[in-house]
Amino acid sequence: MNEDKKVQVYLGVISLVQQGRSMNDLKVSEIAQACGIGKGTCYEYFSSKEEIIRETLMYTFHKEFDSFCDLLQFDQGFEAGFRQILTAMEKALSQFSPFQTLLSSVGKRELKQYVSEEIMEKIMHQMIKLLDVLLDQALQEGWIQPQYPREYQRFLLIGVMEAYCFQIINPQLKISAEQAADYACRGLQKALS
């Protein structure tokens, strides 16, 4: 199976959605036209429009997740690495990524049509592993203390990251991304030390 052709189809879907089209309303013929191939060629690689959309969602998720994981280089220490992650989150929020664009194009009900519970569980498992990598590094450096259960550590880490996002997307709060990152780091360290 030619992966380049499949990626070409994914990019066609992304392009159509970025132009304001709803994924639910797309037709295979439109997707084929957007990526410069014939409708029959689409069906050589995919059995249905739903499969095209499902695989496009997964392609964009994995591409963005992998680039996010690439940031997990802690050669300068946990805090510097955590700040890089916060900066990446800020960038993702300021410009809609292809994955965010696709997600916004389908409703929550429709998402279940394209992404099974099993796939959602795999995604959540990957996210938990990512959180654990962050927390393991913080523990290894003594940045946080081990006396709290891992579930509590994850809870606080997620809370701090969500608070950071809330602060930077609300200009009326008048806080810079750098100041919000300072608060996130101090808050996490204080809560877990």
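The paragraphs below lead from the overall fold of this predicted model to its core and then to one helix and one of its residues.

The chain is built from helices: there are 10 of them, and 0 strands. Read along the sequence, the pattern is therefore α-α-α-α-α-α-α-α-α-α, helices being numbered from the N terminus. The C-alpha atoms fill a box of roughly 60 × 35 × 30 Å along the principal axes. Contacts across the sequence are a marked part of the picture: among contacts with a separation of 6 or more, 67% join residues 24 or more positions apart.

The surface may be considered next. The accessible surface of the chain amounts to about 11,200 Å², and carbon and sulfur atoms account for 52% of that area. The chain carries 20 positive and 25 negative side chains, and the centres of these two sets are 5 Å apart.

Turning inward, 39% of the 193 residues count as buried. The largest nonpolar core contains 58 residues, and those with the most contacts inside it are Met23, Leu57, Phe82 and Leu188. Helix 4, which covers residues 49-69, gives the most to this core, with 7 residues. Phe82 offers a view of the packing: apart from residues up to four places away in sequence, Phe82 touches Phe74, Leu157, Val160, Met161, Ala184, Cys185 and Leu188. Among these partners, Leu157, Val160 and Met161 are also listed with the buried residues of helix 9.

Helix 9 spans residues 150-169 and has 20 residues. From its first C-alpha to its last it reaches 29 Å, close to the 28 Å expected at 1.5 Å a residue. Its buried residues are Gln153, Leu156, Leu157, Val160, Met161, Tyr164 and Cys165. An α-helix has 3.6 residues a turn, so residues three or four places apart point the same way. The cover over the buried residues of helix 9 includes helix 5 (78-94), helix 8 (117-140) and helix 10 (177-191).

Tyr164, which lies in helix 9, shows this cover at the level of a single residue. Tyr164 counts as buried because its relative accessible area is 2%, where the cut-off is under 20%. Leaving aside neighbours within four places in sequence, Tyr164 is in contact with Leu86, Thr87, Glu90, Ala177, Ala180, Ala181 and Ala184. One of these contacts, Ala184, is also touched by Phe82. Separation in sequence can be set beside distance in space here: Tyr164 and Met89 are 75 residues apart in sequence, and their C-alpha atoms are 9.1 Å apart.

Terms used: Residues are numbered from 1 along each chain as its sequence is written. This is a predicted model: local features need pLDDT of at least 70, side-chain atom pairs count only at pLDDT 80 or more; totals for chains, interfaces and linings use all residues. Side-chain values use heavy atoms; hydrogens and water are left out. A nonpolar core is a set of buried Ala, Val, Leu, Ile, Met, Phe, Trp, Tyr and Cys residues joined through side-chain atoms within 4.5 Å. Buried means under 20% relative accessible area, exposed over 50%, partly exposed in between (1.4 Å probe, protein chains only). Helices (H or I, at least four residues) and strands (E, at least two) are DSSP runs, numbered from the N terminus. Contact means heavy atoms within 4.5 Å. Accessible areas come from the Shrake-Rupley method with a 1.4 Å probe; for residues, only the protein chains shown count as cover. Lys and Arg count as positive and Asp and Glu as negative; His and the chain ends are not counted. The place of a charge is taken as NZ of Lys, CZ of Arg, CG of Asp or CD of Glu. The expected span of a helix is 1.5 Å times one less than its number of residues.
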